[in-house]
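Me: Here is a structure I would like to go through with you. Please keep to the charged pairs.

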Amino acid sequence: MALRQTGILDRDLTLDEVLEKFPEFPRLVAIKIDAQRRGVRYSDRALTVFNPQIHQVRGAALFGSRDDQLTPLPESLLLRDGTTLLTDPTPAELNPYVVDYLGDKLVLLDGDKVIEEVEYWPKPSFYDKLTSKGKPMEFVVTARPQRLQIMPSSYCHFWENDNGCKYCDIVNHLKHQRTGLGVHPRLNPQEVGEVVGEALKQPGRYSSITLTAGSDTRGVEPFDEEVNYYIKLLQAIGQYFNTPKFPSQLIATAFNEKQLERLYNETGVMSYTADIEVLNERLFDWICPGKAEWIGYQEWKNRLVRAVGIFGKGNVNTGIVSGVELARPYGFTKEEDALKATLEEAEDLAEKGVSTVYMVWIPRPQSEFHDQHNASLEYYVRLATGLDSIRRKYSLGIDFDDYRRCGNHPDGDLSRIW
Ligand code: SF4
């Protein structure tokens, strides 16, 4: 009854209220969700113990942050049990959590209340090094606490006829980064391989490598250019492994079977993700017009299912930007309806071997949906529980995109707890 817009409560439940209502739900995962949902602000005191020599500074990224700045603040935070938060600096007027330094502890505050201890992400050892072409390695490959992240092209061709996804800011952010940081929009595959080779020298840190970029519609068949580029990149990275396959995930457009077979057979890639973004055809057509124009909702789903035949069960999934299904004016008006519709579609995919993970929607200042709001904490808690239950029901593993590798999907954190 407390879900937003039911008319019974006129405000979202707080963190404590949600935990009281769902006592089985892990507290640290709820905190993770709420920090992603609301964002964080770093106090001056917190920044006195932020040391760029040992902590990771935010840098190159596909998407912009809620403060729309490139200032060298902490990349993000970890909780006591190693749970990764992906949260970004957020203006005070949006009511973020505050990261403060109290006594001798770095903590997350909600108003005056200490919620939890936090730590900054540790800095990767390759971040200070230069490639053989003289480029800072941190602009070629970035890192999460346990995974290497390669964003080879920060451009999406869906933007060319104004058909970019409405929550996305990729091309606007690219312009910002290019002038602010000197980040190149397209990476050289050999240089990427070189940085991966250097990064892997750090013992014990990385458990996988992920590649993701904007969609590229060009080619004899649409998206052939995107596929060719990923093949070159994955082959360059593969030179640094002595096995044909290496722990890796490609997050890309929904490719056709021929393209998927080429990717699987010609490279060491082990898992595949094609983000459908919103699990409802009507809303997909409105929110993701480029994906709808070039592929279509049903075909996107069909391609995911066909990918299971190539990559194997437990190695294919799709991501949703959870909360956009409630965007105004055409989204669901009740969270209860959005939740039901999303979980039904996720189950339909799971029956066919495709799992669904969610990211908390961040209304980014340079996106079309910049002035909207994401969903309530209760919504995200129930969605995480629902997606985790569906995966268990259909025995779908999520190892390649879980709390350790990715860290951006609260439902994935549940795979190690329940
Ligand atoms: S496909 Fe959509 S979300 Fe992905 S980069 Fe392009 S516009 Fe952004």
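Reply: A salt bridge is a side-chain nitrogen of Lys or Arg within 4 Å of a carboxyl oxygen of Asp or Glu. This is a predicted model, where local features need pLDDT of at least 70, side-chain atom pairs count only at pLDDT 80 or more, and totals for chains, interfaces and linings use all residues. Residues are numbered from 1 along each chain as its sequence is written, and side-chain values use heavy atoms, with hydrogens and water left out.

Me: How far apart are the closest N and O atoms of Glu344 and Lys340?
Reply: Both residues lie in helix α11 (residues 335–351), 4 residues apart, about one turn of the helix. Helices here are DSSP runs (H or I, at least four residues), numbered from the N terminus. The two form a salt bridge, and the distance between their closest N and O atoms is 3.0 Å.

Me: Is Glu378 buried or exposed?
Reply: Glu378 in helix α12 (residues 377–393) pairs with Lys21 in helix α1 (residues 15–21), 357 residues apart. Buried means under 20% relative accessible area, exposed over 50%, and partly exposed in between (1.4 Å probe, protein chains only). Lys21, at 35%, is partly exposed. Because its relative accessibility is 2%, Glu378 counts as buried.

Me: Which residue forms a salt bridge with Arg392?
Reply: Arg392 is partly exposed, at 41% relative accessible area. Its partner also lies in helix α12, 4 residues away. With 2.8 Å from N to O, that partner is Asp388.

Me: How many salt bridges does a search of the whole structure find?
Reply: Side chains of opposite charge can pair when their charged atoms come close. Searching the whole structure for such bridges gives 35.

Definitions and conventions. Helix = DSSP H or I, 4+ residues; strand = E, 2+ residues; numbered from the N terminus.
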